[in-house]
Amino acid sequence: CWKEQTDALLGLDLRFESDTDCCQWERIKCDSSTGRVARLNLYHLLLDGYLINYSDFFAFKDLKSLNWG
């Protein structure tokens with residue numbers, strides 16, 4: 001995925017492997033034509049008491065689906 005999206009995902013502290021393409025990460029699906037994140041499955045964040053900063057999501061211009069639970 002795009003660097004700005006990788007940086008945003010790492011900023012969410014999701015404990016991902018930063019040395020791989022974020023399109024390969026668990027809970028992430030990318031659009032095959034643009035390479036941008038299209039779906040995020042973040043259900044575990046609410047369970048962990050995560051406070052959401054909506055500005056963290058500005059990098060996801062092609063986001064079509066966001067699953068909180």
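**Disulfides, sheet and core of the protein chain**

Cysteine 1 touches Thr6, Asp21, Cys22, Cys23, Cys30, Gly35 and Val37, residues up to four places away in sequence being left out of the count. This cysteine is found in the segment before H1. Cysteine 1 and cysteine 30 are separated by 29 residues in sequence, while their C-alpha atoms lie 7.2 Å apart in space. The model described here is predicted.

The protein chain contains 2 helices and 3 strands. Read from the N terminus, these elements follow the order α-β-β-α-β. Of the 69 residues in the protein chain, 30% are buried. The accessible surface of the protein chain is about 4,600 Å², and 49% of this surface belongs to carbon and sulfur atoms. When contacts in the protein chain between residues at least 6 apart in sequence are considered, 49% of them join residues at least 24 apart.

The disulfides were examined next. A search of the whole structure returns 2 disulfides. In the protein chain they follow the pattern 1-2, 3-4, where bonded cysteines are counted along the chain. One disulfide links cysteine 1 with cysteine 22, with an S to S distance of 1.4 Å. Cysteine 1 belongs to the segment before helix H1 (3-11) and cysteine 22 to the loop between H1 and strand S1 (28-30), so this pair ties together parts that are 21 residues apart in sequence. The torsion about the S-S bond of cysteine 1 and cysteine 22 is about 130 degrees, and the disulfide is therefore right-handed. Cysteine 22 has a relative accessible area of 0% and is buried.

Cysteine 23 and cysteine 30 form a disulfide as well, with their sulfur atoms 2.0 Å apart. For cysteine 23 and cysteine 30 the torsion about the S-S bond is about -95 degrees, so this disulfide is left-handed. Cysteine 30 is partly exposed, its relative accessible area being 23%. Both cysteine 22 and cysteine 23 are among the residues that cysteine 1 touches, as is cysteine 30.

The strands form an open sheet of 3 strands in the order S1-S2-S3, with mixed pairing. S1 and strand S3 (65-67) are the edge strands, each pairing on one side only. On average, neighbouring strands of this sheet are turned by 15 degrees against each other, direction ignored. S1 and strand S2 (residues 37-41) run antiparallel and are joined by 3 bridges. Isoleucine 28 has leucine 40 in S2 as its bridge partner, and cysteine 30 stands opposite valine 37 in S2. Cysteine 30 thus combines two roles in the description: a place opposite valine 37 and a disulfide with cysteine 23. The hairpin of S1 and S2 has 6 residues between the strands, and within this hairpin glycine 35 takes a positive phi near 75 degrees. Glycine 35 is also one of the residues touched by cysteine 1. On the other pairing, S2 and S3 are parallel and share 3 bridges. Arginine 39 stands opposite serine 65 in S3.

The loop between H1 and S1 holds arginine 27. The phi of arginine 27 is near 75 degrees, a positive value in a residue other than glycine. Arginine 27 has 21% relative accessibility and counts as partly exposed; the class of buried residues is limited to values under 20%.

The largest nonpolar core comprises 13 residues, and those with the most contacts inside it are Leu9, Trp25, Ile28, Val37, Leu40, Phe57 and Phe60. At least two residues of this core are supplied by H1, and at least two by S2. With neighbours within four places in sequence set aside, isoleucine 28 is in contact with Leu9, Phe16, Cys22, Cys23, Val37, Arg39 and Leu40. Leu9, Val37 and Leu40 from this set are also named among the core residues with the most contacts. The contacts of isoleucine 28 further include Cys22 and Cys23; Cys22 is bonded to cysteine 1, and Cys23 to cysteine 30.

How values were computed: Residues are numbered from 1 along each chain as its sequence is written. This is a predicted model: local features need pLDDT of at least 70, side-chain atom pairs count only at pLDDT 80 or more; totals for chains, interfaces and linings use all residues. Side-chain values use heavy atoms; hydrogens and water are left out. Helices (H or I, at least four residues) and strands (E, at least two) are DSSP runs, numbered from the N terminus. Buried means under 20% relative accessible area, exposed over 50%, partly exposed in between (1.4 Å probe, protein chains only). Contact means heavy atoms within 4.5 Å. Accessible areas come from the Shrake-Rupley method with a 1.4 Å probe; for residues, only the protein chains shown count as cover. A disulfide is a pair of cysteine sulfur atoms within 2.5 Å. Two strands pair if DSSP finds at least two bridges between them. Axes are lines fitted to C-alpha atoms, for helices over the stretch in contact, and angles run from 0 to 180 degrees between N-to-C directions. A nonpolar core is a set of buried Ala, Val, Leu, Ile, Met, Phe, Trp, Tyr and Cys residues joined through side-chain atoms within 4.5 Å.
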